[in-house]
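Work through the exercises below with the sequence and the model open. Each task is followed by a solution in steps.

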Amino acid sequence: MQELAVPLNHVLLVSSLLFCIGMLGLMIRRNIIFILMSLEVMLNASALAFIAAGAHWGQPDGQIMFMLILSVAAAEVAVGLGLVLQVQRRFKSLDMDDANRMRG
């Protein structure tokens with residue numbers, strides 16, 4: 001059975017588009033949930049680039065970096081959701097502008 005070979009340029013183009021979408025969402029959105037989702041999209045885009053490069057050169061390094069990115073993403077979700085709960089309790093809103101005005 002012949003495998004489907006996708007050129008590295010196409011995968012890196014998709015990865016860079018995903019990263020730009022995540023960066024745009026990070027800069028535009030003010031809701032903490034959307035900010036965390038944008039960070040996840042950016043992490044997945046970088047993981048896709050590592051996997052594609054590793055597969056292109058026939059090295060397992062891309063998969064190792066993917067596992068590292070996966071563990072960083074899991075830690076980011078755990079800490080991020082804890083922060084979301086605390087911000088919601090304290091400010092009664094998930095808007096970053098409300099949390100930015102620190103009341104001492």
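**Exercise 1. The overall fold**

Task: State how many helices and strands the protein chain has, and the pattern they follow along the sequence.

Solution.
- The protein chain of this predicted model holds four helices and zero strands.
- Read along the sequence, the pattern is therefore written with helix symbols alone, α-α-α-α.

**Exercise 2. Overall dimensions**

Task: Compare the radius of gyration of the protein chain with that of a compact globule of 104 residues.

Solution.
- A compact globule of 104 residues would have a radius of gyration near 13 Å.
- The protein chain has 18 Å instead.
- Along the principal axes, the C-alpha atoms fill a box of roughly 60 × 25 × 25 Å.
- Of the 104 residues, 27% count as buried.
- Among contacts with a separation of 6 or more, 54% come from residues 24 or more positions apart.

**Exercise 3. Helix H2 and its two ends**

Task: Check the span of helix H2 against the expected value, then describe what is found at its start and after its end.

Solution.
- H2 covers residues 32-57, which is 26 residues.
- From the first C-alpha to the last, H2 reaches 38 Å, close to the 38 Å expected at 1.5 Å a residue.
- At the start of H2, a side-chain oxygen of asparagine 31 comes to within 3.2 Å of the backbone nitrogen of isoleucine 33.
- After H2 comes glycine 58, with a positive phi near 70°.

**Exercise 4. Helix H3**

Task: Give the span of H3, list its buried residues and say which helices they pack against.

Solution.
- H3 has 31 residues and reaches 44 Å from first C-alpha to last, close to the 45 Å expected at 1.5 Å a residue.
- The buried residues of H3 are Gly62, Ile69, Ala73, Glu76, Gly80, Val84, Val87 and Phe91.
- These buried residues pack against H2 and H4.
- Lysine 92 follows H3, and its phi is positive, near 60°.

**Exercise 5. Serine 15: buried or exposed?**

Task: Classify serine 15 and find its contacts beyond its neighbours within four places in sequence.

Solution.
- Serine 15 is found in helix H1, residues 8-28.
- The relative accessibility of serine 15 is 5%, and the cut-off for buried is under 20%, so serine 15 counts as buried.
- Leaving aside neighbours within four places in sequence, serine 15 is in contact with Ala45, Ser46, Leu48 and Ala49.
- Serine 15 and alanine 49 are 34 residues apart in sequence, while their C-alpha atoms are 5.9 Å apart in space.

**Exercise 6. Serine 93 in a loop**

Task: Locate serine 93, classify its exposure and name the backbone atom that its side chain reaches.

Solution.
- Serine 93 sits in the loop between helix H3 (61-91) and helix H4 (96-100).
- With a relative accessible area of 19% against a cut-off of under 20%, serine 93 is therefore buried.
- The side chain of serine 93 reaches the backbone nitrogen of aspartate 95 at 3.1 Å.
- Apart from neighbours within four places in sequence, serine 93 is in contact with Val87, Gln88 and Asp98.

**Exercise 7. Three residues to classify**

Task: Decide whether isoleucine 64, arginine 89 and asparagine 100 are buried or exposed, and give a C-alpha separation for each.

Solution.
- The cut-off for exposed is over 50% relative accessible area.
- Isoleucine 64 lies in helix H3, and its value is 54%, so isoleucine 64 is exposed.
- Isoleucine 64 and serine 38 are 26 residues apart in sequence and 23 Å apart in space, C-alpha to C-alpha.
- Arginine 89 is also placed in helix H3, and its value is 59%, so arginine 89 is exposed.
- The C-alpha atoms of arginine 89 and alanine 75 are separated by 22 Å, with their positions 14 residues apart along the chain.
- Asparagine 100 lies in helix H4, and its value is 58%, so asparagine 100 is exposed.
- Asparagine 100 and alanine 73 are 27 residues apart in sequence and 24 Å apart in space, C-alpha to C-alpha.

**Exercise 8. Rings**

Task: Say how many aromatic pairs the structure holds, and which residue lies over the face of phenylalanine 34.

Solution.
- The number of aromatic pairs is zero.
- Arginine 29 lies over the face of phenylalanine 34, at 4.4 Å from the ring centre.

Methods:
Residues are numbered from 1 along each chain as its sequence is written. This is a predicted model: local features need pLDDT of at least 70, side-chain atom pairs count only at pLDDT 80 or more; totals for chains, interfaces and linings use all residues. Side-chain values use heavy atoms; hydrogens and water are left out. Helices (H or I, at least four residues) and strands (E, at least two) are DSSP runs, numbered from the N terminus. Buried means under 20% relative accessible area, exposed over 50%, partly exposed in between (1.4 Å probe, protein chains only). A polar contact is a pair of N or O atoms within 3.5 Å; within protein, one must be able to donate a hydrogen and the other to accept it, and residues adjacent in sequence count only if both atoms are side-chain atoms. Contact means heavy atoms within 4.5 Å. The expected span of a helix is 1.5 Å times one less than its number of residues. Rings of Phe, Tyr and Trp (its six-membered ring) pair if their centres lie within 6.5 Å; planes under 30 degrees apart count as stacked, over 60 as edge-to-face and the rest as tilted. A charge sits over a ring if NZ of Lys or CZ of Arg is within 6 Å of the ring centre and within 35 degrees of the ring normal. The radius of gyration is taken over C-alpha atoms; the globule rule is 2.2 Å times the number of residues to the power 0.38.
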